[in-house]
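This report concerns strand pairing and the surroundings of one side chain. The sequence and the structure are shown here for reference.

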Amino acid sequence: MIALALLVLLAAPPAPSESKGVIAITGGTVTTGDGTTIENATVLIDGDRITAVGADVRAPAGARVVEARGKIV
């Protein structure tokens, strides 16, 4: 029974964040809901969630990088 449960767990599809990977949108200007802007910012997206935003945020190794220099995010 334990072997069957383990087999089911191993055959299950990965969680969304594992299957999509991390996306880093870099170099753009981020606008917030309160009118604040962050110049030359990086936005990290893991699966379906934004995990970090800021000028001091760096793209992790292996992330898919989308260049947004000159764009508003």
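The text below describes the strands of this predicted model and then turns to a single residue.

**Strand pairing**

Strand E1 covers residues 22-31 and strand E2 covers residues 37-46; the two run antiparallel and are joined by eight bridges. One of the pairs across these strands is Val-30 with Ile-38, the latter lying in E2. E2 also pairs with strand E3, residues 49-54, in the antiparallel sense, here over five bridges. In this second pairing, Thr-42 is placed opposite Gly-54 of E3.

Each pairing is also a hairpin, as the table sets out.

| Hairpin | Residues between the strands | Turn residue with positive phi |
|---|---|---|
| E1 and E2 | five residues | Gly-35, about 90° |
| E2 and E3 | two residues | Gly-47, about 70° |

**The surroundings of Leu-44**

Leu-44 belongs to strand E2. Its relative accessibility is 10%, and because buried means under 20%, Leu-44 counts as buried.

Leaving aside residues up to four places away in sequence, Leu-44 touches Val-22, Ile-23 and Ala-24, and E1 spans residues 22-31. Further contacts of Leu-44 are Arg-49, Ile-50, Thr-51 and Ala-52, and E3 spans residues 49-54. Leu-44 also touches Val-57, Arg-58, Ala-59 and Pro-60. Of these contacts, Arg-58 lies 14 residues from Leu-44 along the chain, and the C-alpha atoms of the two residues are separated by 8.5 Å.

Definitions and conventions:
Residues are numbered from 1 along each chain as its sequence is written. This is a predicted model: local features need pLDDT of at least 70, side-chain atom pairs count only at pLDDT 80 or more; totals for chains, interfaces and linings use all residues. Side-chain values use heavy atoms; hydrogens and water are left out. Two strands pair if DSSP finds at least two bridges between them. Helices (H or I, at least four residues) and strands (E, at least two) are DSSP runs, numbered from the N terminus. Buried means under 20% relative accessible area, exposed over 50%, partly exposed in between (1.4 Å probe, protein chains only). Contact means heavy atoms within 4.5 Å.
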